[in-house]
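Colleague: Could you take a close look at one buried serine for me and walk me through its surroundings? I'd like to hear what sits around that side chain, and then how another serine compares.

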Amino acid sequence: MKITVVVHNLNGGGAEKMMVRLANGLAKLGQNVSIVLLTEGGINIKNVSESVTLHELKAHRTVTAIPKLRKYLLDNKPDKILSALTHVNVIAILACLSIGRLESLYVSERNAFSKDKLVNNDFLVKVAYFLAPFFYRFIPNPVFAVSDGVAQDLIKTTVVNRASVINLPNPTLDDDFRARQFSKPTHPWLKDKATPIIVGLGRLAAQKGFDDLINAFAIVKQSMDVRLIIYGEGELRSVLQKQIDELGLTQSVSLFGYTETPLDEIHAADVFVLSSLFEGSPNALVEAMGAQCKVVSTRCPCGPDEVLEDGAVGSVVPVKSPEELAEAIHSTLIDDNYDIEKQLNLAEKYTVSNSAKSYLKAME
């Protein structure tokens with residue numbers, strides 16, 4: 001089939017990374033795949049397979065891309081069109097409606113709708129979030145959600161009905177993730193590990209709950225000699241550093257910034273912690289599982305319960321509960337019977353080939 005994947009751009013967000021991996025996976029299955037960017041550019045362009053065609057519409061803003069997207073679809077006539085992220089979905093629906101191609105369009109929701117709509121204050125994005133559920137209710141194909149939690153949130157908090165949503169796994173891990181050869185980590189604490197190391201990974205933003213992780217770490221630190229590394233950048237760097245300093249943890253907590261090789265870093269650590277307040281499908285958690293690191297997670301909406309099968313491996317604790325998070329981290333650090341093999345088995349669901357096959361079957 002001729003499949004077009006529509007996204008805003010290929011900047012560093014998890015959704016963009018997953019759509020590139022999905023497009024690559026579909027191409028590997030023998031499909032004719034193109035990625036269309038409503039604007040242009042992004043760090044994930046370098047990850048696009050040579051088997052995937054990349055086209056940049058270079059619109060000034062997403063909302064102004066409708067005429068260009070409409071022309072692209074008329075000229076290229078894809079069999080299937082897959083869009084991702086709410087505001088892009090609205091643009092894709094309007095473009096397809098204008099050329100009578102709604103039957104070819106599938107839209108994808110990547111995060112908890114009720115939470116995500118509160119994050120962006122841009123007026124036009126807010127309009128898109130208002131319109132999207134009504135559009136989803138009447139388009140002929142189901143909405144693709146990245147987890148059952150995202151599907152349930154969309155159903156419970158909007159006018160979208162249950163029959164209109166299905167959940168499909170993210171292409172988070174390479175097919176050969178079990179055989180991956182890990183390189184040496186770059187962080188000096190992991191290069192020469194003198195104490196157990198806890199790691200977190202993600203954008204330094206309120207959604208990721210790193211303030212709770214730091215508070216939990218402070219509790220763990222009272223009973224054992226440990227260190228914490230948080231990988232990622234974001235608007236809360238100075239706030240989190242102030243918290244670290246005020247807790248007297250300056251020598252024990254490192255805000256290391258962005259890393260090109262997160263899996264190598266996580267593999268060398270002792271426990272990975274997902275401290276998020278909400279997710280869509282927690283890619284960092286799945287990556288940590290595939291990197292053979294013990295894991296602890298909050299029971300945030302949406303995804304961790306599904307990924308970890310409600311604590312079948314790892315530990316799952318309530319959101320915004322540093323004391324319980326600390327207890328889980330401590331228990332996991334000293335657990336000599338942690339079942340890594342079972343963890344790897346659970347992670348198999350999230351390989352590129354499994355995800356691509358699921359999407360292809362849903363579109364066929």
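Modeller: Leaving aside residues up to four places away in sequence, S355 touches L22, P169, N170 and P171. Bear in mind that this is a predicted model. One of those neighbours, P169, also makes a polar link: its backbone oxygen lies 2.6 Å from a polar atom of the S355 side chain. S355 itself is part of helix α15, which runs over residues 352-363. With a relative accessible area of 0%, S355 falls under the 20% cut-off, so we call it buried. If you're wondering about D264, S355 is 91 residues from it in sequence, and their C-alpha atoms are 23 Å apart in space.

Now for the other serine. S83 sits in strand β4, residues 80-84. S83 has 0% relative accessibility, which is under 20%, and therefore counts as buried. Its side chain has a polar contact of 2.6 Å with the side chain of N89. N89 also turns up in the list of residues that S83 touches, again not counting those up to four places away in sequence: V6, V88, N89, A92, L105, Y106, V107 and S108.

One more buried patch, while we're at it: in helix α6 (residues 148-157), the buried residues are G149, V150, A151, D153, L154 and I155. Their cover includes the strands β5 (105-109), β6 (143-145) and β7 (165-167), along with the helices α4 (113-116), α5 (123-138) and α12 (304-307).

Definitions and conventions: Residues are numbered from 1 along each chain as its sequence is written. This is a predicted model: local features need pLDDT of at least 70, side-chain atom pairs count only at pLDDT 80 or more; totals for chains, interfaces and linings use all residues. Side-chain values use heavy atoms; hydrogens and water are left out. Helices (H or I, at least four residues) and strands (E, at least two) are DSSP runs, numbered from the N terminus. Buried means under 20% relative accessible area, exposed over 50%, partly exposed in between (1.4 Å probe, protein chains only). Contact means heavy atoms within 4.5 Å. A polar contact is a pair of N or O atoms within 3.5 Å; within protein, one must be able to donate a hydrogen and the other to accept it, and residues adjacent in sequence count only if both atoms are side-chain atoms.
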